[in-house]
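User: Please examine the model shown below and answer some questions on its ligand shell and its annotated positions.

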Amino acid sequence: MKTLRDILYNVGIRAVHGNTDITINTLMIDSRSIGPGNAFIAVKGVHTDGHQYIDKAIAQGAAAIICETMPTVLLDNVTYIEVDNSAQASGIMAGNFYDNPSHKLQLVGVTGTNGKTTIATILFRLFTRLGYHCGLLSTVQNQIGDTVIPSTHTTPDPISLNALLAKMVEEGCLYAFMEVSSHAIHQQRVAGLKFAGGIFSNITHDHLDYHKTFDEYIRVKKSFFDNLPASAFALTNLDDKRGMVMLQNTKARKATYSLRTLADFKGKILENNLTGLIMQVDDTEVHFRLIGEFNAYNLLAVYGAAVLLGKDKTSVLRALSDIQGAEGRFDYIVSAHDQIIAIVDYAHTPDALKNVLATIKNLRKGHEQVITVVGCGGDRDTAKRPVMAAVAADSSDRVIFTSDNPRSEDPDAIIREMEAGVPVHQKKRVISITDRKEAIKTALTLAGKEDIILVAGKGHEKYQEIKGVKHPFDDKQVLEEVMKLLDK
Ligand SMILES: CC(=O)N[C@H]1[C@@H](OP(=O)(O)OP(=O)(O)OC[C@H]2O[C@@H](n3ccc(=O)[nH]c3=O)[C@H](O)[C@@H]2O)O[C@H](CO)[C@@H](O)[C@@H]1O[C@H](C)C(=O)N[C@@H](C)C(=O)N[C@H](CCC(=O)O)C(=O)O
Ligand SMILES: Nc1ncnc2c1ncn2[C@@H]1O[C@H](COP(=O)(O)OP(=O)(O)OP(=O)(O)O)[C@@H](O)[C@H]1O
Ligand SMILES: N[C@H](CCC[C@H](N)C(=O)O)C(=O)O
Ligand SMILES: [Mg+2]
């Protein structure tokens with residue numbers, strides 16, 4: 001419990017009406033969950049404006065209202081705080097409410113279109129292996145030591161986020177690694193957090209439904225680095241066209257990693273196959289379990305961050321060499337009879353799909369067919385649909401377009417948008433099967449000895465969301481079931 005006064009530090013306040021020496025038991029951004037003694041922060045969202053629910057919040061017992069515009073009628077038994085920016089205030093107030101846990105941890109944020117989960121998860125596993133108690137906030141799951149807490153977002157809302165960080169502090173964590181999505185930066189979910197470091201992986205086409213233009217998407221990502229403190233490090237991928245732009249205005253200590261040019265952390269791929277990567281990192285040759293060039297980048301980012309956090313290079317590389325990738329990222333099984341390699345991967349952007357298929361191409365001995373099963377999510381960036389389809393068709397022998405999470409959209413309509421991206425001369429290699437399980441079954445039926453199947457887009461996800469209903473679905477489990485059924 002805190003008084004309202006205690007949690008207003010650093011908030012850009014415009015006006016106060018009422019007593020700030022009142023006790024606040026919880027902060028809330030959703031009126032539907034308000035109870036007596038809560039403070040309700042009215043945030044303008046994408047679909048609606050939290051200011052519309054102020055009366056409802058008060059009726060449910062809210063003791064304080066934080067808003068950008070004061071309601072016309074102000075009640076005597078409620079305290080109203082008018083702020084410059086409610087979303088930002090929610091982050092700062094959440095930090096204050098939970099005694100600013102990010103100041104008590106070494107918190108590292110990872111941003112970029114692809115690789116966030118992989119980098120954050122490997123950092124968590126590395127630091128755990130080095131003997132530290134750590135926290136993780138990621139798309140797949142949140143973790144405090146061995147305890148797994150399900151995750152609903154890549155980056156949670158600021159109140160849940162600070163509550164999770166506070167729990168990490170309470171449980172003795174020294175380090176926390178988190179993904180920072182572009183939505184989170186734009187919606188100020190990370191406002192008020194103190195980062196010890198920020199990592200940029202890459203930026204390619206995604207989320208243009210939300211950010212509208214690629215320039216705006218870049219600007220949002222860059223603002224994360226602009227806001228890092230001078231005490232933090234800012235580590236960037238020098239091989240990404242926008243790598244240096246990200247660090248242009250940062251106050252943080254700048255550092256770079258690269259596979260292609262001189263950088264603070266320099267790597268070179270010596271071998272890349274299904275058993276893993278052999279790389280030269282700085283002057284050391286290291287074997288890693290992770291597969292593919294894109295993971296060479298992720299490994300370099302992790303290595304660089306660990307060194308910037310003061311860890312010894314040799315111990316870091318030794319520990320890193322035995323670490324597995326995140327669930328559903330180039331996760332493969334081999335069928336018992338025909339040795340079909342079936343890969344489940346979370347590639348849900350054109351660039352990720354291109355990279356995974358390029359990695360698969362490198363793994364081919366020659367004669368194997370590559371069969372790709374892929375769909376695109378509904379209620380998300382529509383522009384990426386024909387592009388992902390073109391990438392899949394171009395780099396596979398056979399392609400099956402299917403549903404990802406159609407959400408509120410018509411799955412067949414999404415598939416039609418994908419089909420439109422395939423050039424005429426490649427149409428013959430494509431079929432469309434709306435039902436994802438049937439699509440996977442067809443891929444396995446088509447596959448001969450040692451062929452490679454890629455099931456892309458859903459990775460670790462355990463559900464398929466169709467018309468607002470989440471149906472249990474697990475790509476890897478379906479592959480295993482169907483392999484047995486078909487006696488492959
Ligand atoms: C598009 C988007 O990011 N939406 C997020 C946003 O919701 P919103 O803007 O739609 O909110 P809204 O419905 O307009 O409501 C505005 C405000 O009024 C409040 N409200 C609303 C109704 C009501 O009755 N009472 C009430 O108080 C809401 O709690 C909210 O504070 O703020 C909510 C609270 O933080 C988030 O849960 C929600 O995530 C939705 C569910 C979502 O799907 N987000 C995805 C796109 C997302 O964030 N993805 C990124 C990863 C992307 C990636 O990099 O791949 C992530 O970090 O997970
Ligand atoms: N460094 C990378 N560069 C390009 N592609 C990558 C990289 N790392 C992973 N990928 C590809 O992107 C997919 C998603 O990886 P990951 O889950 O680590 O990214 P993410 O940034 O967390 O994604 P999300 O935005 O959904 O949280 C992987 O399954 C793989 O296909
Ligand atoms: N974090 C991403 C995940 C996309 C995963 C894909 N399976 C889909 O549902 O579109 C998003 O919310 O856009
Ligand atoms: Mg992620």
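**Ligand shell and annotated site**

Analyst: In this predicted model, the shell around ligand 3 comprises 6 polar residues, 4 charged residues and no nonpolar ones.

User: Which residues are around ligand 3?

Analyst: The shell holds no nonpolar residue, only polar and charged ones. The residues around ligand 3 are Thr139, Thr154, His348, Gly377, Arg380, Asp404, Asn405, Gly457, Lys458 and Glu461.

User: How far apart in space are the residues that UniProt lists for "binding site"?

Analyst: The unreviewed UniProt entry lists Ser31, Thr154, Thr155, Ser181, Gln187 and Arg189 under this term. They spread over 159 residues of sequence, and they are also spread in space, with C-alpha atoms up to 24.7 Å apart.

User: Is Ser181 buried or exposed?

Analyst: Ser181 is in the loop between β12 (175-179) and α5 (182-186). A residue counts as buried if 20 or more other C-beta atoms lie within 10 Å of its own. Ser181 has 23 such atoms within 10 Å, and therefore it is buried.

User: Which residues is Ser181 in contact with, leaving aside its neighbours within four places in sequence?

Analyst: UniProt lists Ser181 for "binding site", together with Thr154 and Thr155 among others. With those sequence neighbours left aside, the contacts of Ser181 are Thr154 and Thr155.

User: Why does Arg189 count as buried?

Analyst: Arg189 is in the loop between α5 and β13 (197-200). Leaving aside neighbours within four places in sequence, its contacts include Gly91, Thr155, Asp157 and Leu161. Arg189 counts as buried because its C-beta neighbours inside 10 Å number 24.

Technical notes. Residues numbered from 1 in each chain as written. Chains lettered and ligands numbered in written order. Predicted model: local features only at pLDDT ≥ 70, side-chain atom pairs only at ≥ 80, totals over all residues. UniProt positions renumbered as here; feature names shortened; annotations may be inferred. Helix = DSSP H or I, 4+ residues; strand = E, 2+ residues; numbered from the N terminus. Buried ≥ 20, exposed ≤ 12 C-beta atoms within 10 Å, placed from the backbone. Contact = placed C-beta atoms within 7 Å. Near = placed C-beta within 6 Å. Nonpolar A, V, L, I, M, F, W, Y, C, P; charged D, E, K, R; others polar.
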